[in-house]
Amino acid sequence: MERILIIGAAGQIGSELTLELRKIYGNSNVFATDIKDAQADIKETGPFQLLDVMDDKHLIHFVIRHKITQIYHLAAVLSGNAEKLPVQAWHINMNSLMNILEVAKLVEEVKKIFWPSSIAVFGPSTPKQMTPQVTFMEPTTVYGISKLAGERWCEYYFKRYGTDIRSLRYPGLISYKTEPGGGTTDWAVEIFFEAVKKGKYTCFLNENTVQPLMFMDDAIKATISLMEAERSKLDIHSAYNICGPCLSPGMVTDSIRNYIPDFAVEYKPDFRQQIADSWPQSVDDSLLRKNIGWQPGFDLKKITEIMLLKIREKNNFSK
Ligand code: AKB
């Protein structure tokens with residue numbers, strides 16, 4: 001029987017992944033934790049506890065006490081926020097991962113770990129279109145450097161200690177349940193919320209900046225499939241490329257205008273423009289497709305319909 005620990009259960013991915021994992025493994029077997037309070041559905045459907053992944057002693061006690069067999073470590077300082085406090089962001093992103101890797105090494109019952117990487121591992125010298133799985137990686141952001149170092153550490157623990165760590169280089173994730181905070185792809189969520197709430201949006205990237213994105217349901221499906229895949233089928237023990245639709249703010253604006261014709265968008269690029277310009281515009285995820293049969297199910301049209309509908313429901317807007 002699996003007993004799963006989620007770190008970062010109140011965040012954008014955790015708030016949805018926790019509920020999906022509870023459906024599969026049973027509510028009482030999925031332990032949601034975060035350093036902040038979680039949404040009511042997370043607390044009402046199963047165990048929730050405040051836990052700081054930086055506190056290694058508390059972490060290892062928690063894992064032993066609850067007989068944890070799998071850990072999903074989702075907590076991180078994202079790209080935009082990390083540039084504001086680089087040393088602190090490095091400390092949090094790296095030391096939290098090292099704490100998890102050490103727990104997995106020391107506690108025999110822990111069999112598998114999921115830790116997200118990101119398209120931020122790539123940099124200006126990386127080919128921008130259909131970025132290959134293995135390529136130049138010279139990230140210029142502290143978040144990207146921490147994710148790339150994290151990938152190397154994951155592979156190191158796999159080779160040296162046999163630790164079973166699985167990871168995806170997530171693109172920007174689009175979701176309506178919990179908004180992201182401090183990333184360079186946050187516009188792809190904000191734009192839908194502002195369209196519904198205000199009918200206008202000021203975008204921090206320029207109109208034609210294309211970024212690899214993905215709808216949250218696809219990200220959750222890929223994550224669980226990767227974790228359930230037979231280890232012998234996996235060629236990668238650092239992190240797999242993964243990609244959904246590749247979109248610019250202009251393309252998303254046009255799609256929203258099919259439903260809200262007078263939606264007004266202004267472009268005021270800030271420091272995140274330079275980060276976006278250093279990242280890929282599309283990513284080759286053929287190895288993940290081959291290894292676990294991955295395929296995205298949501299294109300821009302579907303994403304727009306669902307986002308607008310769900311945000312209206314959430315805000316009790318009838319328009
Ligand atoms: C960010 O923008 O920092 C994240 C990411 C692509 O990892 N959404």
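A residue counts as buried when its relative accessible area is under 20%. By that yardstick Ile 303, at 0% relative accessibility, is buried in this predicted model. Ile 303 is part of helix 12, and residues well away from it in sequence pack against it. Leaving out anything up to four places away along the chain, Ile 303 touches Ile 174, Phe 192, Phe 215, Pro 245 and Phe 298. Take Phe 192 as one of these partners: it sits 111 residues from Ile 303 in sequence, yet the two C-alpha atoms are 10.0 Å apart in space.

Helix 12 (300-314) also turns up around helix 9, being among the elements that cover the buried residues of that helix. Helix 9 spans residues 249-257, and its buried residues are Pro 249, Gly 250, Val 252, Thr 253, Ser 255 and Ile 256. Besides helix 12, the cover includes helix 7 (187-197), strand 10 (200-203), strand 13 (246-247) and strand 14 (264-267).

Now for the nonpolar cores. The largest one holds 33 residues, and Tyr 72 and Leu 168 have the most contacts inside it. Several elements supply at least two residues each to this core: strand 1 (4-7), helix 1 (14-25), strand 2 (30-34), strand 8 (168-170), helix 8 (216-228) and helix 11 (286-292). Helix 8 gives the largest share, with 7 residues. Tyr 72 itself, with neighbours within four places in sequence set aside, is in contact with Ile 4, Leu 5, Ile 6, Ile 7, Leu 17, Leu 21, Phe 114, Thr 223 and Met 227. There is also a second, separate core of 28 residues, which includes Ile 191, Ile 256, Phe 298 and Leu 300. Two of those names have come up already: Ile 256 is one of the buried residues of helix 9, and Phe 298 is among the residues that touch Ile 303.

Next comes a helix pair. The axes of helix 5 (residues 86-106) and helix 6 (residues 142-161) come within 10 Å and cross at roughly 15 degrees. That makes helix 5 roughly parallel to helix 6, since angles under 35 degrees fall in that class. The crossing is right-handed. On the helix 5 side, the contact is made by Pro 86, Ala 89, Trp 90, Asn 93, Met 94, Leu 97, Met 98, Leu 101, Glu 102 and Lys 105. Facing them in helix 6 are Val 142, Tyr 143, Ile 145, Ser 146, Ala 149, Gly 150, Trp 153, Cys 154, Tyr 157 and Tyr 161. By type, the residues of this contact divide into 15 nonpolar, 3 polar and 2 charged. As background, an α-helix has 3.6 residues a turn, so residues three or four places apart point the same way.

A few polar or charged side chains are buried too. Asn 29 is found in the loop between helix 1 and strand 2 and counts as buried at 9% relative accessibility. Setting aside neighbours within four places in sequence, Asn 29 is in contact with Met 1, Glu 2, Arg 3 and Ile 4. Arg 3 appears again in the surroundings of His 66, which touches Arg 3, Phe 31 and Gln 49 when residues up to four places away in sequence are not counted. His 66 lies in the loop between helix 3 (56-65) and strand 4 (70-73), and its relative accessible area of 15% makes it buried.

Lys 67 lies in that loop between helix 3 and strand 4 as well, but at 56% relative accessibility Lys 67 counts as exposed. Its backbone is worth a look: Lys 67 has a positive phi of about 50 degrees although it is not a glycine. Met 130 is another non-glycine residue with a positive phi, of about 45 degrees. Met 130 lies in the loop between strand 6 (117-118) and helix 6 and is partly exposed, at 48% relative accessibility.

That leaves Arg 272. This residue lies in helix 10 (residues 272-277) and is buried, with a relative accessible area of 15%. Once neighbours within four places in sequence are left aside, Arg 272 is in contact with Gly 80, Gly 183, Thr 184, Phe 204 and Leu 205. Along the chain, Arg 272 and Leu 287 are 15 residues apart, and their C-alpha atoms are separated by 30 Å.

Methods
Residues are numbered from 1 along each chain as its sequence is written. This is a predicted model: local features need pLDDT of at least 70, side-chain atom pairs count only at pLDDT 80 or more; totals for chains, interfaces and linings use all residues. Side-chain values use heavy atoms; hydrogens and water are left out. Axes are lines fitted to C-alpha atoms, for helices over the stretch in contact, and angles run from 0 to 180 degrees between N-to-C directions. Helices (H or I, at least four residues) and strands (E, at least two) are DSSP runs, numbered from the N terminus. Angles under 35 degrees count as roughly parallel, over 145 as roughly antiparallel, 65 to 115 as roughly perpendicular and the rest as oblique. A crossing is left-handed if the near helix is turned anticlockwise from the far one by less than a right angle, and right-handed if clockwise. Contact means heavy atoms within 4.5 Å. Ala, Val, Leu, Ile, Met, Phe, Trp, Tyr, Cys and Pro count as nonpolar, Asp, Glu, Lys and Arg as charged, and the others, Gly among them, as polar. A nonpolar core is a set of buried Ala, Val, Leu, Ile, Met, Phe, Trp, Tyr and Cys residues joined through side-chain atoms within 4.5 Å. Buried means under 20% relative accessible area, exposed over 50%, partly exposed in between (1.4 Å probe, protein chains only).
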